[in-house]
Amino acid sequence: MIELISQHPIVAALIAMVGLSLIFGAVLGFAAVKFKVEGDPIVEQIDALLPQTQCGQCGHPGCKPYAQGIANGEPINKCPPGGQVTINAIADLLDVEAPTLDEEHGEESEVQTVAYIREDECIGCTKCIQACPMDAILGAAKQMHTVIIDECTGCDLCVEPCPVDCIDMVPVESTLGDWKWDLPPRSENGTTDIIASDKVQLPEAHS
Amino acid sequence: MRKTWDIHGGIHPAENKTQSLQSPLGSVPLAPELVLPLNQHIGKPALPLVAEGEQVLKGQLIARADGPISANLHAPTSGIIQSIEDRALPHPSGGSGPCIIIASDGNDTWTELEPCADFESADRNLLLDKIRAAGIAGMGGAGFPTAIKLNPRGNLTIDTLILNGTECEPYITADDILMQTRADEVIAGAMLLRHMLGNPEQVLIGVEDNKPDAIKALNDALATADNKAIEVVPFPTKYPSGGEKQLVQILTGREVPAGKLPADVGVVCQNVGSTVAAYRAVRFGEPLVSRITTVVGEALETQRNIEVPLGTPIGHVLQHHGFNASKVARLIMGGPMMGFTLETANVPVVKTTNCILAPSAKEMPEPPPAQACIRCGMCAEVCPANLLPQQLFWYSMAEDLEKLEAHNIADCIECGACSYVCPSNIPLVQYYRASKGTIRQHAIDKEKSDRSRARFEFRQVRMEKAEAEKEAKRKARKLAAEAAKKKMAAKQAAGVDKPKVEKADVLASAIAQAKSQDLSPEDQLAKLERAANSARSRLEKTHARAAAAEGEKKDAILARVKDAELKVQDTERKLAKFIEQTQSASAAEASTDKQEDVESPEKQPAAEPDAASAAIEKAKVKAAAQASMTPAEKLQQQLDSLKTRVEKARARLEKAEADNDENVEAFRTGLEKMQAKYEKLTLEQTNSQNDG
């Protein structure tokens, strides 16, 4: 063996390289089968950032299809419920520039809303129940329907099918439980008042 | 003297504690109206148990805890429930919430209480129930229900009980005065809590050394109580030593890990005020209906501590302390470091109100405008939680929540030491509070969106399943229909042969023609008949109902009548068309048939309408006439009749095409067949003529 190596160094080196490549190839091949990732992880990651309202304002029948669409190169600014926050998050994930929201697909609303059924007027047609992507409307044919507020994402999809227009989107009432402090206001022009004359605004001055 | 440890950072703001300690513990006259918010603690709001107009006694339960993290609420005085309505709350948001309003009757009559003199031998679960029933919530300011803290998870061994008499915030002296005046109750409470926690080795009462009177009073009380396990531990004054985790570290040297509770390091920590309340709840059966509050500030003539019934409007308290509205800069509940500004004095004293601060503008000026961060690092030096406030500030400005969490913003106790030392006057702690709120909000949103996703996916799966089931059913039906068709075809093959051999059935041809359709003509006819009948009966029924109905409903029923009428028309048209087809087929066959035997009207379905039977009669007569003719004449006649019929059929087809009738196809195939037959006959005639 040693003789062979010493006499035919080129051949020995060749055998060694081929042997190594076979071993590593086998290891990699095994790993590829054993640790195969099911599905497209990027789609899952994008889907996790989308607001899951399933409203279809992006033109897709739900958030997951839009995530798939983004993965296939669609613009990332088609989600009004997510708004700029979501766009920024996706831009961050995909390492692209964050565009502003595409107004074509709707405007970002300031307040979170939920559907509210005026129950006196409901005729029990079940059309809204079929439209709700969240199964958040409770009711049966010819029975009054009502919305489970906790499950409603405010996607609007039930408003249009209602034949008697008894569904309103009402803003969610904020309670003390979900109240939070605001960030301190920042000076508008980015500069800070640093000279003495700026301080006339202080209450001591006019008290 | 016992060894104490030091905490990182901390500050030494002006204490301002002497103002309120000049006068002894006082009280204010009972307010005519007490406002009791249903949520004075951390957790779920209590559920009211009383109705408007109900007479209540002092100490009576008026709202019960909703779930484990909640607290009972008791009437602080006797009187009448005036209403249960939304009132302004002492909350930084300045919002309002549900409150029980009691109009006091001035008698202050206690309800019957259930004292327990010998708590040392009582069962600890019973004692826990008593404390829970008394509605005691952490009186140091956080308002965490006390009973929960006293019931640590089973696998944790508690070796140290700490009573927090630190009161490190400037101005506040409520705990100080409590320890001075009720030292014996503090000690008795310490013994009670020690008993309840299974007699931990040491009970440490932590008091900052700026309260010598309190320390002396406690030591005196301890001497008479003669309990070796309890020890009063004075330690150097520094803000914020009174934070729970900070105090645990000062007294025991143990650091509570991030996201854990003191119980995880074997310590339970209680405020001295809560301890006294717990003692009174057990010993005398007294629920928490009043508390000691510091009323202080330069805008007041009298600055002191008072024992005040819960629910007393702050405006009422201020009024009895010579409040000077023109002098006050703002009203603060809590201390100057961690308290919050009240938008109105029309809010009540609650279980967590340890101080009402009415400073003058000189005493507490508006903070100067914030300037740029100069990265001096002083905030990091004073942070008692060992955080990097400057980094947190940047990330808060950028709203980078991930980075904030990575820098442990959750461990910030919002003490405000960083803002206090900031040379640029940046309100750092405000940034952290806001960011913490945003993080909390995001966590809630995330949870909701995850739930939404799960629901949406479940719905998707459900709908797919339903669709698959429908598809399977459809397939099964199709298979069954095909099998039935095959069977029918086999049957017909057998049935069609027979009449050909025995006698020429006029209808056989009709059957043959109808073969293109699945059902036999009889079945089809019967089916159509049935449909027509049911449609007719429905129409009648609806008519009857329309006659009976009135008002709005009538319109709906009339619409239904119209519907039914349309259906009847449709069915009748179909029936007529079918009959016509059958008839034309049978007539055509009959005319070409050389056989005389055409009498098989009994084979016609009994229900065959008159038109069909008339046509058959006509065909029969024709056939009979043909029988008497010569073959050549017969052929000629047949040809003539067929020719006229072809003409007729063509006219009909054209009309149908013009009208865009749905039966155009049927007409066309009929015409084509007739034309084929005509050609065949012509050929036959020529042949016979040639022969002749």
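This is a short dialogue on how to read some features of a predicted two-chain model.

Q: How are residues and chains named, and what is counted in this model?
A: Residues are numbered from 1 along each chain as its sequence is written, while chains are lettered from A and ligands numbered from 1 in the order in which they are written. As the model is predicted, local features need pLDDT of at least 70 and side-chain atom pairs count only at pLDDT 80 or more, whereas totals for chains, interfaces and linings use all residues.

Q: Where in chain A is confidence lowest, and where is it highest?
A: The score to read is pLDDT, the predictor's confidence in each residue, from 0 to 100. Chain A averages 85, with 90% of its residues scoring at least 70. Confidence is lowest in helix H7 (residues 203-206) of chain A, at a mean of 44, and highest in helix H2 (residues 9-34) of chain A, at 94; helices (H or I, at least four residues) and strands (E, at least two) are DSSP runs, numbered from the N terminus. Over residues 202-207 of chain A, pLDDT stays under 50. Where pLDDT is low, the predicted coordinates should not be read in detail.

Q: How many residues of chain B are in contact with chain A?
A: Two residues are in contact if their C-beta atoms, placed from the backbone, lie within 7 Å. By that rule, 30 residues of chain B are in contact with 25 residues of chain A. Helix H13 (residues 428-502) of chain B gives the most to the side of chain B that touches chain A, with 14 residues.

Q: Is B:Glu298 buried or exposed, and which residues is B:Glu298 in contact with?
A: A residue is buried if 20 or more other C-beta atoms lie within 10 Å of its own, exposed if 12 or fewer, and partly exposed in between, with C-beta atoms placed from the backbone. B:Glu298 is partly exposed because 19 other C-beta atoms lie within 10 Å. B:Glu298 is placed in the loop between strand S12 (290-296) and strand S13 (304-309) of chain B. Leaving aside neighbours within four places in sequence, the contacts of B:Glu298 are B:Lys327, B:Pro359, B:Ser360 and B:Glu363. The C-alpha atoms of B:Glu298 and B:Ser360 are separated by 5.4 Å, although the two residues are 62 residues apart along the chain.

Q: How many residues does chain B have, and what share of them counts as buried?
A: Chain B has 692 residues, of which 39% count as buried, and its secondary structure comes to 19 helices and 16 strands.
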